[in-house]
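User: Got a model here I'd like to go through with you. Can we start with how the helices are named, then move on to the surface and the pockets?
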Amino acid sequence: MNTSLFLPALLILHLTGLTIMAGTTIVDFTVFKTFWKHFDDNTEKSKGILAGTSKSSTLIGIGAALLVITGIGMMALTHGVFGEQLWFRIKIGIVLVLMLNGIFLEGSKAKSYE
């Protein structure tokens, strides 16, 4: 199989997933910070701001799924050549910590405001 076309395409999709996930996370953080600024003063406005962040977790999930799927695809195409390198193992550890943080943070955030 000719990997010369698939590997760059997977890399572009991988970077697209990273951009979607990171960008949405930054926007979500900024909006959530704004929510807390208005929470004490204007409860109705803060509820509207919080409702605006409800779609961001979906985009973060799409970006994360794209990252994982394309990452697995690139590892399959390269026969796992990067898997033995230290930087890759550190990256996977960081990704797992971020995913667990997102799962537990989103779960606690949803429970505390219902």
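Analyst: Sure. Helices here are DSSP runs of H or I with at least four residues, numbered from the N terminus. Bear in mind that this is a predicted model.

User: OK, so which helix is Ile92 in?
Analyst: Ile92 is found in helix H4, which covers 86-112.

User: And is Ile92 buried, exposed or partly exposed?
Analyst: Partly exposed, because its relative accessible area is 36% and that class lies between the 20% and 50% cut-offs.

User: What nonpolar surface patch does Ile92 belong to?
Analyst: One of about 480 Å², where Ile92 sits with Val68, Ile72, Val95, Leu96 and Met99.

User: Which helices supply at least two residues each to that patch?
Analyst: Helix H3 (56-77) and helix H4. H4 gives the most, with four residues.

User: Switching to pockets. What's the volume of the largest one?
Analyst: About 1200 Å³. It is lined by 38 residues, and those closest to its centre are Met21, Leu67, Val95, Leu98 and Met99.

User: Val95 and Met99 again, then. Which helices contribute at least two residues each to the lining?
Analyst: H1 (3-39), H3 and H4. H4 gives the most here too, with 15 residues.

User: How do the lining residues divide by type?
Analyst: There are 24 nonpolar, nine polar and five charged residues in the lining of the largest pocket.

Notes:
Residues are numbered from 1 along each chain as its sequence is written. This is a predicted model: local features need pLDDT of at least 70, side-chain atom pairs count only at pLDDT 80 or more; totals for chains, interfaces and linings use all residues. Side-chain values use heavy atoms; hydrogens and water are left out. Patches are made of residues with over 30% relative accessible area and no salt bridge: like charges are joined within 9 Å, nonpolar side chains (Val, Leu, Ile, Met, Phe, Trp, Tyr) within 5 Å. Accessible areas come from the Shrake-Rupley method with a 1.4 Å probe; for residues, only the protein chains shown count as cover. A salt bridge is a side-chain nitrogen of Lys or Arg within 4 Å of a carboxyl oxygen of Asp or Glu. Buried means under 20% relative accessible area, exposed over 50%, partly exposed in between (1.4 Å probe, protein chains only). On a 1 Å grid over the protein atoms alone, a cavity is a set of points where a 1.4 Å probe fits but cannot get out, and a pocket is an open set with protein on both sides within 12 Å along at least five of seven lines; lining residues have an atom within 4 Å of a point. Grid points are joined across faces, edges and corners, and a volume is the space filled by probe spheres set on the points. Ala, Val, Leu, Ile, Met, Phe, Trp, Tyr, Cys and Pro count as nonpolar, Asp, Glu, Lys and Arg as charged, and the others, Gly among them, as polar.
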